[in-house]
Amino acid sequence: MIKPNPFTPQSGWEPRVFGGREQGLSDFKSGLEAAISVRPNHLVTLGEWGIGKTSLLKQFRRIVQEAGYPACMCSMSRFTKGDKPLDAIYLIAEEMLMGFPKAGLDQERFLGLFSKKKTLLQAQSQFTKFLLELWKTLDAKLAVVMVDDLQNLLPISNTIDILRAVLSKEEVVQNTKFLFVLSSTPAGWSTFLDKHDPVGRFFRKRLNVENLDREDVTRTVGRTLEDTGVEFSEGVKDRVFEYTGGHPYEVQLLSSHLYDGQIEGRVSDESWDNALNNTLKELGRDYFSMLLTKASDREKDLLKILAEEKRPLSIKEFREMMIVGPHAKKFPIANIKNFLYRLEEKGIIIRDQKGSFDIPDRMFREFVLRKENER
Ligand SMILES: Nc1ncnc2c1ncn2[C@@H]1O[C@H](COP(=O)(O)OP(=O)(O)OP(=O)(O)O)[C@@H](O)[C@H]1O
Ligand SMILES: [Mg+2]
């Protein structure tokens with residue numbers, strides 16, 4: 001009997017098998033010990049869309065609870081300019097009350113510490129009071145608070161500065177032991193740092209969440225398939241890595257489509273094209289279409305060349321290619337540099353150390369090729 005699809009291609013869904021990240025997990029464990037014996041060193045995890053930030057935080061939560069300490073997870077929803085930092089602080093407080101497993105946390109009493117007047121100073125003093133009171137009730141040696149998707153607070157970016165101010169207050173440092181673990185996109189985080197300069201010096205410990213390596217991917221896919229009645233051929237597993245570069249969301253999505261294409265429990269090369277098409281369609285809907293619409297027509301011309309050449313190209317090479325060869329066309333050559341820099345600014349292409357440009361994600365490259373052929 002073939003089991004239901006074991007892959008989890010959805011934002012925030014914990015994978016059935018959590019792959020890689022050994023170093024990050026073991027650093028986190030040492031961080032916990034240091035937090036108990038010395039002091040909490042708050043941590044910021046940084047990573048792009050779908051790279052596995054939420055799953056990693058959930059893994060951290062498990063480690064903390066296994067070690068016998070309370071942990072909670074606060075997911076930040078998207079705030080707008082019209083909101084106040086106190087709204088966000090209040091949400092964090094609420095999530096902390098709901099997330100800590102301690103029985104008898106009197107929600108009304110704790111949330112009563114927040115008044116409706118939403119001034120900055122009050123957000124700060126009220127959250128301080130909240131942490132001090134909560135700490136007494138928690139009766140723990142350490143409590144860990146995960147705040148996921150901090151970039152959603154960008155429109156009210158001073159929230160993060162309030163968090164910093166509260167956590168560095170003498171009375172909080174002396175009387176409590178909360179360890180905060182934040183997650184954000186790298187761009188979001190650097191905007192916080194630009195706007196609120198002391199934040200970077202306070203939240204100094206960073207963890208970059210990156211793609212899984214080949215071995216992690218093969219092992220994770222293999223173990224996810226255990227006892228399902230379905231097998232991927234070695235060639236297919238290799239290609240999963242080659243196409244996704246180990247991006248966890250892409251791995252889950254592609255593997256999920258491959259799984260659906262099994263024939264008598266086997267997934268081999270014949271199932272590939274269909275699964276890839278479906279994956280690209282979904283990635284387009286989720287993200288790539290939005291990314292591509294950010295590029296102007298001229299910029300798309302350059303993107304197409306990168307996609308077809310499948311290698312990093314220098315500005316000089318772009319110029320030459322516009323003049324002779326298969327890519328040659330009428331084009332404002334003097335502006336190539338500007339177009340490329342703009343594509344980089346929009347996060348569509350990257351520039352390597354040598355100054356050459358490339359499409360960072362093979363799946364996006366495949367997507368561009370397909371879209372360009374339709375253009
Ligand atoms: N270490 C891992 N091993 C295997 N699969 C993973 C791993 N981490 C995440 N995934 C899978 O990748 C996908 C994205 O994970 P997750 O939602 O944690 O990422 P994220 O960075 O929080 O994404 P978002 O940008 O949507 O917030 C999910 O399908 C999840 O199951
Ligand atoms: Mg997430």
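## Helix orientation in the third domain

Angles from 65 to 115 degrees between helix axes count as roughly perpendicular. In this predicted model, the axes of helix H14 (residues 297-309) and helix H16 (residues 336-345) cross at roughly 85 degrees and come within 10 Å. H14 and H16 are therefore roughly perpendicular to each other. On the H14 side, the contact is formed by Arg298, Glu299, Leu302 and Leu303, and on the H16 side by Ile336, Phe339, Leu340, Arg342 and Leu343. These residues divide by class into six nonpolar, no polar and three charged.

H14 also packs against helix H17 (residues 362-374), with axes that come within 9 Å and cross at roughly 120 degrees. That angle makes H14 oblique to H17, and the crossing of the two helices is left-handed. Leu303, Lys304, Ala307 and Glu308 of H14 meet Arg365, Val368, Leu369 and Glu372 of H17. The contact of H14 with H17 comprises four nonpolar and four charged residues, with no polar ones. Leu303 of H14 thus appears in the contact with H17 and also in the contact with H16.

## Domain organisation

The domain assignment divides the protein chain into domain 1 (22-208), domain 2 (215-290) and domain 3 (296-374). The C-alpha centres of domain 1 and domain 2 are 35 Å apart. Four residues of domain 1 are in contact with four residues of domain 2. On the domain 1 side of this contact there are two nonpolar and two polar residues, and no charged residues.

## Packing of H1 and H2

Helix H1 (residues 22-37) packs against helix H2 (residues 53-66) at an angle of about 40 degrees, and their axes lie 11 Å apart. This angle makes H1 oblique to H2. The crossing of H1 and H2 is right-handed.

H1 contributes Gly24, Leu25, Phe28, Lys29 and Leu32 to the contact, while H2 contributes Leu56, Gln59, Phe60, Ile63 and Val64. Classified by residue type, the contact of H1 with H2 has seven nonpolar residues, two polar residues and one charged residue.

## Surroundings of ligand 1

Which domains supply the residues around ligand 1? Domain 1 (22-208) and domain 2 (215-290) both give residues to the shell, so ligand 1 lies between them. The shell consists of 25 residues, and the closest to the ligand are Ser11, Pro15, Gly52, Thr54 and Ser55.

Two helices, H2 and helix H12 (248-260), each supply at least two residues of this shell. H2 therefore has two roles in this account: H2 packs against H1 at an angle that makes the pair oblique, and H2 also contributes to the surroundings of ligand 1. By class, the shell has 13 polar, eight nonpolar and four charged residues.

Conventions. Residues numbered from 1 in each chain as written. Chains lettered and ligands numbered in written order. Predicted model: local features only at pLDDT ≥ 70, side-chain atom pairs only at ≥ 80, totals over all residues. Domains from an automatic or database assignment. Contact = placed C-beta atoms within 7 Å. Nonpolar A, V, L, I, M, F, W, Y, C, P; charged D, E, K, R; others polar. Axes fitted to C-alpha atoms, helices over the stretch in contact; angles between N-to-C directions. Helix = DSSP H or I, 4+ residues; strand = E, 2+ residues; numbered from the N terminus. Parallel < 35°, antiparallel > 145°, perpendicular 65-115°, else oblique. Left-handed = near helix turned anticlockwise from the far one by under 90°. Near = placed C-beta within 6 Å.
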